[in-house]
Amino acid sequence: MTTRVAVLTFPGTNCEFDTVKALNRIGCDADLVWHDARQLNGYDVLVIPGGFSYGDYLRPGAIARFSPVMQAVEEFASAGGPVIGICNGFQVLTEAHLLPGALQKNISLRFVCRTVRVRVETVRSSLTRMASKGQVLSIPINHFEGNFTCDDATLEILEEEERVVLRYENNPNGSVNDIAGICNPTGNVVGIMPHPERASDEMLGSTDGLVLLESLCSVSR
Amino acid sequence: MLFTVTVEVMPKASVADPEGATIARSLDTLGFPGIAQVRAGKVYQLSLEAPSEDVARSTAQDMASKLLANPVIESAAITAVARTDTAGIR
C-alpha cells in the first residue's frame, strides 16, 4: 500500500512543495496539510518541512508550537507514528518538547547555505532505517539557527541511547558534539537540520537525501 | 489594577552568546575600553491588568516559562510596577 504523508504547512513555511515533490518521486502520496487541521487520520507519516513559520517571531518554532495541528502531531507521535522535522521543523519539534534541547543562532552569526557532509550515526530511527551506520551523505543545510545545544545530562543520554541520528563531518554552526539531527527514545520522532528534499535529484547535485526519505516511507503503519 | 510588567529574557550563563561577544568586539573597535563581557537578550514590556503585584508577577512568570523564554537556553527576570496613568494604552 502506498505510504501517505502529511506535509504540515504553517504561515511562512517555504519548503513544502520541494518536500512533496521529493516524496512523490519515491512513490509516496503526499498532501499539504494546513496548520489549522485538528486531526491527521489516514496518514502514515508526518513531515514538518523547513521555512520560517510565523516569520521566526519570538524564536524559530515558538509560535508554530501552538498551532491547532500540533495537538494531533503529539497524539500521532505518542502512538508511535513517524514524525520528521526538517530545519524549521526540527526547531518546532524542540519547542514543542517532542525532542530535547534547542537550536541557537549559528556560532558564526551567519546564515549558512551550502551542502555539507553528514554521517549516519544510528539506523534505529524512522529516518535512517534503510541507511547504513557510518554512511556519509552530502545534503544541503540552509539556516541561521542550527546550533544544537542541550544540558550535559541530556547530551549524555542522547549519546548513550544512540539518539544522535546525523553528525556533521565539519561542524558548520557550532552545534554540540557536531549534532545535525536527533531522535526521541523510540526513534519515531526525528529532527534534522539538513534538507533531504534538496538532495533528491541528480539535477540538484545530490541524491543522498533519498535514502532518508525512503526509510521514512518504508513504514506503513 | 494596571501594571507595567517587564520580562527580561537573557541567554543562560552556561550558554554561548555569539551575539553578545560580537557586540563586545564592536564596542571595543569603536574605542570603548574596559568591556569585560556583553550579553544580548530581549525585553518584553506588558501592560497587564491584575489584582495585585504578586499576581502580575506570577502571571508574567507563567508567560515566560510557557512562551517568552525557552528554559533550555534562556532565563527570565520579571519586574512589575503599578501604573498610575493609563494614557497611551491602546
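A residue counts as buried if 20 or more other C-beta atoms lie within 10 Å of its own, as exposed if 12 or fewer do, and as partly exposed in between. I wrote that down before opening the model, which is a predicted one.

**Entry: a glycine in chain A**

I started with A:Gly174 and asked myself whether it is buried, exposed or partly exposed. I found 18 other C-beta atoms within 10 Å, so A:Gly174 is partly exposed. I then looked up where it sits: A:Gly174 belongs to the loop between strand S9 (164-168) and strand S10 (179-183) of chain A. Setting aside neighbours within four places in sequence, I noted contacts from A:Gly174 to A:Asn106, A:Ile107 and A:Asn147. I also checked A:Phe111, which is 63 residues from A:Gly174 along the chain; their C-alpha atoms are separated by 13 Å.

**Entry: nonpolar cores**

Next I turned to the largest nonpolar core, which has 67 residues. Which of its members touch the most others? My list reads A:Val5, A:Leu46, A:Val47 and A:Ile192. Helix H2 (residues 69-78) of chain A gives this core its largest share, 6 residues. I followed A:Val5 further and, not counting residues up to four places away in sequence, found that it touches A:Leu23, A:Cys28, A:Asp29, A:Ala30, A:Tyr43, A:Asp44, A:Val45, A:Val47 and A:Cys217. Apart from the largest core I came across another of 10 residues, including B:Ala56, B:Ala69, B:Ala76 and B:Ala80.

**Entry: the sheet in chain B**

In chain B I traced an open sheet of 3 strands, in the order S2-S1-S3 and with antiparallel pairing. Strand S2 (42-49) and strand S3 (74-82) of chain B each have a single partner strand, so one side of each has no neighbour in the sheet. From one strand to the next I get an average twist of 20 degrees. Strand S1 (residues 2-11) of chain B runs antiparallel to S3(B), and I see 9 bridges joining them. Within that pair, B:Phe3 is opposite B:Ala82 of S3(B). What packs on this sheet? I found helix H2 (residues 53-68) of chain B there, touching S1, S2 and S3 of chain B. The direction of this helix makes about 155 degrees with that of S3(B).

**Entry: where the chains touch**

Last, I looked at how chain B meets chain A: 9 residues of chain B are in contact with 10 residues of chain A. On the chain B side, helix H1 (residues 18-29) of chain B supplies the largest share, 3 residues. I sorted that side by residue type and got 6 nonpolar, 2 polar and 1 charged.

Terms used
Residues are numbered from 1 along each chain as its sequence is written. Chains are lettered from A and ligands numbered from 1 in the order in which they are written. This is a predicted model: local features need pLDDT of at least 70, side-chain atom pairs count only at pLDDT 80 or more; totals for chains, interfaces and linings use all residues. Two residues are in contact if their C-beta atoms, placed from the backbone, lie within 7 Å. Helices (H or I, at least four residues) and strands (E, at least two) are DSSP runs, numbered from the N terminus. Ala, Val, Leu, Ile, Met, Phe, Trp, Tyr, Cys and Pro count as nonpolar, Asp, Glu, Lys and Arg as charged, and the others, Gly among them, as polar. Two strands pair if DSSP finds at least two bridges between them. Axes are lines fitted to C-alpha atoms, for helices over the stretch in contact, and angles run from 0 to 180 degrees between N-to-C directions. A nonpolar core is a set of buried Ala, Val, Leu, Ile, Met, Phe, Trp, Tyr and Cys residues joined through C-beta atoms within 7 Å.
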